[in-house]
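Reader: I should like to examine how the protein chains are arranged and how they meet the nucleic acid. Please display the model.

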There are 2 protein chains.
Amino acid sequence: MAEILRPIGAIARALDGISNIEFKELELSRGQYLYLVRIAEQPGIILERLAAILKVDKTTAARAIQKLERNGIVERRPSPTDKKQKQIFMTAKGQALYPIIHRENTYSNQVALQGFTPAERDQLADYLNRVETNIAADWTAVKHGHHRNY
Amino acid sequence: MAEILRPIGAIARALDGISNIEFKELELSRGQYLYLVRIAEQPGIILERLAAILKVDKTTAARAIQKLERNGIVERRPSPTDKKQKQIFMTAKGQALYPIIHRENTYSNQVALQGFTPAERDQLADYLNRVETNIAADWTAVKHGHHRNY
DNA sequence: TTATTTTTGTTGCAATTACAACTAAAATGC
DNA sequence: GCATTTTAGTTGTAATTGCAACAAAAATAA
């Protein structure tokens, strides 16, 4: 059967490695760009939702956001409707970084899709969304201690 | 244009997270399964090649392999033709782990491809290999200090 | 209501990750 | 030949990552 785990892992590590190197000149440390773009696009998002979207441990996300806050890139305000939740927003400083990151991501996306026709690009994006949906439930289950049988 | 970076990243993190949790009962720590399967399939492979295939920093791979060696899972022998190189091989203990990892990976791959026809699976695998090729040169270049213009 | 469970977030660890900087050997250039 | 560059691997250091274990608020149950 076709194997997709390995290329997906290699592509993800390569793109992440490139971004981390390129964003060092923005004083962003490893992984921070991921959180930044999501918060910029979904202002008021809370930690657990962000971690679920990105598929990282919530404690990892927590510390990344703490650092972004310390560095004045995001700020957090208690939710008016739920005292447990802290809504996350971009500062002006953070807003200024967003287009730079977005431009880099767009470029990497173009490089990744070189030689693909528009129809192929759409089809690949559709496939990947289906794969993500397929795997999301298992990720949550295993994270919560569920044992998969195979 | 179609966006593929985000789902690829999310899928890779989800699958990696699942594997790392499931392989803890094999006494494998984070990431080690990646190196193990490649060494099992390409006995005698050297560090730099392994790092290039996996798209991780060579110092990361070096320390992962040092630990696998300490734990008796792989062993290294100097190359007979090049005194710089150290060839990496599986021990009997490591060989015993391979089928377990392989079975898990196969299962995750099946979950990921649920709802895909055989033709779609092949097509997705083909697309991903093309993307990997597209991005490999940029990864190496940026890793070596090259500055991309965009 | 009151008790229990789920949601949301935080710290304490222990480990991986990777940029610098460095050796030693091989390959290349002149 | 001999000097320079490239290949291959290691260690120092600093940071992210994430499993446990916890606390507080909200939702659910009884």
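Reader: Which rotation superposes chain A on chain B?

Author: In this predicted model, the superposition of chain A on chain B has an RMSD of 0.0 Å and a shift of 0.0 Å along the axis. The two copies are thus related as by a two-fold rotation axis. The same surface serves both, since 100% of the contact residues of chain A recur in chain B. The rotation is 180°.

Reader: Which residues come nearest to DNA strand D?

Author: There are 26 residues around DNA strand D. Of the strand's atoms within 4 Å of the protein, 64% belong to sugar and phosphate. The residues that come nearest are Ser29(A), Arg63(A), Lys67(A), Lys143(A) and Lys58(B).

Reader: How far is a phosphate oxygen of DNA strand D from an N or O atom in the side chain of Lys67(A)?

Author: Phosphate oxygens of DNA strand D have partners in chain B, including a polar backbone atom of Leu47(B) at 3.2 Å and a polar side-chain atom of Gln85(B) at 3.1 Å. Elements giving two or more residues to the surface near the strand are α4 (58–70) of chain A and, from chain B, α3 (47–54) and α4 (58–70). For the side chain of Lys67(A), the distance from its N or O atom to a phosphate oxygen is 2.5 Å.

Reader: How many residues of the surface near DNA strand D are charged?

Author: The surface near DNA strand D includes four nonpolar residues and six polar ones. The number of charged residues there is 16.

Conventions. Residues numbered from 1 in each chain as written. Chains lettered and ligands numbered in written order. Predicted model: local features only at pLDDT ≥ 70, side-chain atom pairs only at ≥ 80, totals over all residues. Heavy atoms only, no water. Least-squares fit on C-alpha atoms with pLDDT ≥ 70 in both. Contact = heavy atoms within 4.5 Å. Near = heavy atom within 4 Å. Polar contact = N/O pair within 3.5 Å; in protein donor to acceptor, adjacent residues only side chain to side chain. Helix = DSSP H or I, 4+ residues; strand = E, 2+ residues; numbered from the N terminus. Nonpolar A, V, L, I, M, F, W, Y, C, P; charged D, E, K, R; others polar.
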